[in-house]
Amino acid sequence: MFDIVIVGGGPGGSVCAAQLAERGHKLLVLERETFPRFHLGESLLPSSMPIFESIGVLPELSERFIHKFGARFHLDTGARQERYAFAQAFGVDESGRPAAGGSVPRFDHAFQVPRDEFDSVLLANAARKGAEVRHDWTVSRIAFEGTRAAGVVATDPGGKEHAIEARFVVDASGRDALLAGDRRDKSRIDRLDKSAFYMHYRNVERQEGERAGDIDIVVFDDGWFWMIPFKDGRTSVGAVVSNAWVKEHRGTADEMLERAIAGSPAAQKLLARAERMWPSARAAADYSYRVGRPYGDGWIALGDAGGFIDPLFSSGVHIAISGANRATPRIDEALRAGDVSEARFAPWAAEMKLGTDTFIDAVQAFYAGGLVRYLFAEKKHTFLRRSITSLLAGDVYSPDARWIVDVRSRLREMAAPAFDPMPIVGV
């Protein structure tokens, strides 16, 4: 009998486990794979830094991984470039250090992380804090007593099935979305029917000095590229295109990635000296979805198990660990009160939806063309530039901040299907 069973040892599950173990709860993390293992989602956001600091891993992350101080955007049309430095976000003082005041401290940087190593750091930290972690355990279903989650049914590495009781269950099962799948509660997000083709390279062009850790985002006629540099010289490169483009061109993942590169002069320049590190490219398709209700009696769904957004703004890890960080005090209070009813978690779900919807609006505004116009505008008001920078930094959970109220309104307008993006000129 455990207080909490967490299904999945990714970032959301690991942060949740670390924080709840520190609060004295007996908890079990069941991870179906053996770490380290490959995973996409390698670019972190500055707004995640306070959470890493709170669980005690920030010094280790800072030592292991390259620092990311900004994002550089490239537009093939007109060969434009625009860089956004996180030090210019709202809430960061002139020295680039976290500013005093506000709901949380702000940082001027994040990290670019190979997820196999990064996820291992977080899960090992949870174990050090007292969480029991079992690898190669596959959870087949959540067990219920009436409407309340009461544990899980899982298979051990030897193939034996076990019923494990718990007072609370956290579904952090990733894109498998265990509970949402069982409840048929997943739905696609409008206009985000995209596919990605990706590869790791050596010798991709990158900037020097502090900017060497910037993410490069290349916007071309048929989609966009991510280029994420790692400390060891590797670079993660991926092309995101519409499913209509995939159907039109059809081919292997290698052929699709090469075709996308051939369609982008900026990508070709950055990859001019690049050497492939894998035998072949990989693909991911149809990956954006919502989950209607990520909570219930005795359970919540974190991270990708509660929905997944197009990776344009590197939001995946941030949403997962922010969800965990905001959920753990509520789980703790519910267990101590002996009341894990769904009503306790409705406010948490509303908070998370507000931030997630901001990212969704931003991605849809990007694909509609309006946000691209703002990103590359020749002249920007200081307020607008800082607002965009704060969005890129992941600061989407400040519901009353003046800048985010303004940005949300603009994004909703730009994301509308009938929106006319207009030429890229001064704003």
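In this predicted model, the largest nonpolar core holds 118 residues, and among its members Phe52, Phe225, Ile300, Ile331 and Leu371 touch the most others. The largest share of this core comes from helix H10, which contributes nine residues. One of the well-connected members, Ile331, can be followed outward through its contacts: leaving aside residues up to four places away in sequence, Ile331 touches Ile4, Cys16, Leu20, Phe168, Val170, Ile300 and Phe345. Apart from this core there is a second, separate one of 19 residues, which includes Phe2, Trp137, Val152 and Ala301.

Phe225, named above as a member of the largest core, leads us to strand S14, which spans residues 223-229 and is mostly covered, since seven of its seven residues are buried. Strand S14 has a partner before it and a partner after it in the sequence. With strand S13, residues 215-220, it pairs in the antiparallel sense over five bridges, and these two strands form a hairpin with two residues between them. With strand S15, residues 234-242, the pairing of S14 is again antiparallel, this time over seven bridges. A good residue on which to fix the eye is Trp224 in S14, for Val219 stands opposite it, while in S15 its bridge partner is Val240. The hairpin of S14 and S15 has four residues between the strands, and there Gly233 takes a positive phi near 100 degrees.

Another set of strands makes an open sheet of three, in the order S11-S18-S21, with antiparallel pairing. Its edge strands are S11, residues 186-188, and S21, each of which pairs on one side only. Strands S18 and S21 are joined over two bridges in the antiparallel sense, and Arg290 stands opposite Gly307 in S21.

Strands S18 and S21 also bring us to the second largest pocket, whose volume is about 400 Å³. Which parts of the chain supply at least two residues each to the lining of this pocket? They are strand S18 (289-291), strand S21 (307-308), helix H9 (316-337) and helix H10 (346-368). Helix H10 gives the most, with seven residues, and this is the helix that also provides the largest share of the largest nonpolar core. Altogether 23 residues line the pocket, and those nearest its centre are Val291, Pro294, Gly306, Lys353 and Thr356. By kind, the lining divides into 14 nonpolar, six polar and three charged residues.

Further along the chain lies helix H12, residues 382-392, in which Leu384, Ser387, Ile388, Thr389, Ser390, Leu391 and Leu392 are buried. Against what do the buried residues of H12 pack? Their neighbours are strand S4 (70-75), strand S5 (80-85), helix H10, helix H11 (370-375) and helix H13 (402-415). An α-helix has 3.6 residues a turn, so residues three or four places apart point the same way. Among the buried residues of H12, Leu384, Ser387 and Leu391 can be picked out with this spacing in mind. After the helix comes Gly394, whose phi is positive, near 90 degrees.

The loops of the model hold some less common backbone features. Most residues other than glycine have a negative phi, and most peptide bonds are trans. Against that background, the bond from Phe35 to Pro36 is cis, with omega near 0 degrees, and Pro36 lies in the loop between strand S2 (27-31) and helix H2 (49-54). Ala177, in the loop between S10 and helix H5 (178-182), has a positive phi near 40 degrees although it is a residue other than glycine. Arg184, in the loop between H5 and S11, likewise is not a glycine and has a positive phi of about 50 degrees. Are these two residues buried or exposed? Ala177 counts as buried because its relative accessibility is 0%, whereas Arg184 is exposed, with a relative accessible area of 79%.

A last stop is Pro157, in the loop between strand S9 (148-155) and strand S10 (161-171). Because its relative accessibility is 57%, Pro157 counts as exposed. Even so, Pro157 touches His135, Asp136 and Trp137, not counting residues up to four places away in sequence, and Trp137 has already appeared as a member of the second core. Pro157 and Ala285, by contrast, are 29 Å apart in space from C-alpha to C-alpha, with 128 residues separating them in sequence.

Technical notes
Residues are numbered from 1 along each chain as its sequence is written. This is a predicted model: local features need pLDDT of at least 70, side-chain atom pairs count only at pLDDT 80 or more; totals for chains, interfaces and linings use all residues. Side-chain values use heavy atoms; hydrogens and water are left out. On a 1 Å grid over the protein atoms alone, a cavity is a set of points where a 1.4 Å probe fits but cannot get out, and a pocket is an open set with protein on both sides within 12 Å along at least five of seven lines; lining residues have an atom within 4 Å of a point. Grid points are joined across faces, edges and corners, and a volume is the space filled by probe spheres set on the points. Ala, Val, Leu, Ile, Met, Phe, Trp, Tyr, Cys and Pro count as nonpolar, Asp, Glu, Lys and Arg as charged, and the others, Gly among them, as polar. A nonpolar core is a set of buried Ala, Val, Leu, Ile, Met, Phe, Trp, Tyr and Cys residues joined through side-chain atoms within 4.5 Å. Buried means under 20% relative accessible area, exposed over 50%, partly exposed in between (1.4 Å probe, protein chains only). Contact means heavy atoms within 4.5 Å. Two strands pair if DSSP finds at least two bridges between them.
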